[in-house]
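Me: I should like a close look at one part of this model, the second largest pocket. Please describe its lining, and then place it in the setting of the other spaces and of the chain.

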Amino acid sequence: MGEAGSGAGTLDRAVLILRHLATMHEASIAELAEAADTTRSTAYRLVARLHTWGLVQPHETEPGHWIVGTEALRLGLSVLQRSRVAHAAPEPLRYMVELTGETCGLAIASGTSMIFVHREPGPRPSPASFRVGGVRPMHCSSVGKAYLAALPEQDLARLLPRLRLTQETPASLVGRAHLERDLALTRRRGWSIDAGETTTATGACGAAVLDEAGRPVAAISASGPLPRIRRRADELGPVVAATAAVISRRLGFQTSHP
């Protein structure tokens with residue numbers, strides 16, 4: 001096993017660490033050292049430096065494991081914004097703004113969080129504060145719950161134990177059984193709701209975007225002041241779900257017919 005030197009050697013190994021995390025989603029120092037063909041002590045120093053820049057971060061629930069950091073995700077937004085879903089979503093989202101009058105956005109999954117990659121401001125006054133690059137927990141955001149509810153059963157079973165059910169607000173879902181009931185309701189009606197679970201001032205309705213294989217690749221939401229979203233949820237939810245279906249069809253998803 002080689003030792004990281006200076007210059008290109010060090011940079012190469014740092015890139016190998018980032019590539020490994022992007023592929024495996026999480027890894028220990030030992031696994032990163034093997035992926036970068038270096039010693040554990042060198043891997044630890046490289047990870048510490050990457051952490052300083054926000055390119056990697058500690059896993060939320062697995063001590064000693066690392067995941068891709070928020071800054072790396074933001075740097076990748078230029079690529080994501082050229083991806084199929086980012087290309088397919090803006091026009092339907094603009095129409096959704098016209099239909100709802102609310103601020104609308106597109107988010108993709110990253111570990112146990114969702115990161116917004118597109119935003120369409122609405123004309124109505126709103127405290128909705130998410131921005132491109134903004135990160136939301138899966139368990140208490142409308143986009144996160146919509147994404148979770150659309151996952152195949154086996155994938156959801158693997159992901160649920162990794163979720164850190166933090167108490168973002170008094171309304172946050174911090175019990176797994178409560179979250180699973182909420183996800184079941186989301187599947188039945190086709191859209192999710194964040195009723196002040198991420199911030200006390202805002203609410204949102206969300207729905208998952210599916211690829212040609214029927215797997216969730218993103219989620220969209222319509223956000224606004226919590227009282228207004230609560231009052232309009234039964235009106236907004238179906239519009240968000242219908243818009244997600246339009247984007248999914250643009251990605252090649254076809255609803256099967258018996």
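Reply: In this predicted model, the residues that line the second largest pocket divide into eleven nonpolar, five polar and two charged. The lining comprises 18 residues in total, and those nearest the centre of the pocket are Gly-190, Ala-207, Ala-208, Leu-210 and Ala-241. Four elements give two or more residues each to this lining: H8, helix H10 (176-189), strand S8 (202-210) and helix H11 (226-250). Of these, H11 supplies the largest share, with five residues. The volume of the second largest pocket is about 300 Å³.

One of the contributing elements, H8, may be considered in more detail. Helix H8 covers residues 142-150 and is mostly covered, eight of its nine residues being buried. The buried residues of H8 are Ser-142, Val-143, Gly-144, Lys-145, Ala-146, Tyr-147, Leu-148 and Ala-149. Tyr-147 also belongs to the lining of the largest pocket, where it is among the residues that lie nearest the centre, together with His-25, Ala-109, Ser-110 and Gly-111.

The largest pocket has a volume of about 660 Å³ and a lining of 25 residues. Helix H1 (8-24), strand S3 (65-68), helix H4 (70-75), strand S4 (103-110), helix H9 (153-159) and strand S9 (216-225) each give two or more residues to that lining. By class, the lining of the largest pocket consists of 16 nonpolar, four polar and five charged residues.

Enclosed spaces are also present: two cavities of 30 Å³ or more are counted. The second largest cavity holds about 30 Å³ of space. Its lining is formed by His-59, Glu-60, Ile-67, Gly-111, Thr-112 and Arg-162, that is, one nonpolar, three polar and two charged residues. Gly-111 thus appears in the lining of this cavity and also among the residues nearest the centre of the largest pocket.

As to the chain as a whole, it has eleven helices and nine strands. Its radius of gyration is 19 Å, close to the 18 Å that the globule rule gives for 258 residues, so the chain is as compact as a globular protein of that length. The C-alpha trace spans about 60 × 45 × 35 Å along its principal axes. Buried residues account for 48% of the 258 residues. Among contacts with a separation of 6 or more, 59% join residues 24 or more positions apart. The exposed area of the chain is about 12,700 Å², of which carbon and sulfur atoms supply 54%.

Definitions and conventions. Residues numbered from 1 in each chain as written. Predicted model: local features only at pLDDT ≥ 70, side-chain atom pairs only at ≥ 80, totals over all residues. Heavy atoms only, no water. 1 Å grid on protein atoms, 1.4 Å probe; cavity = no way out; pocket = protein on both sides within 12 Å on 5 of 7 lines; lining within 4 Å. Points joined across faces, edges and corners; volume = space filled by probe spheres on them. Nonpolar A, V, L, I, M, F, W, Y, C, P; charged D, E, K, R; others polar. Buried < 20%, exposed > 50% of the residue type's maximum accessible area, 1.4 Å probe, protein only. Rg over C-alpha atoms; globule rule 2.2 N^0.38 Å. Contact = heavy atoms within 4.5 Å. Areas by Shrake-Rupley, 256 points an atom, 1.4 Å probe, with all protein chains shown as cover.
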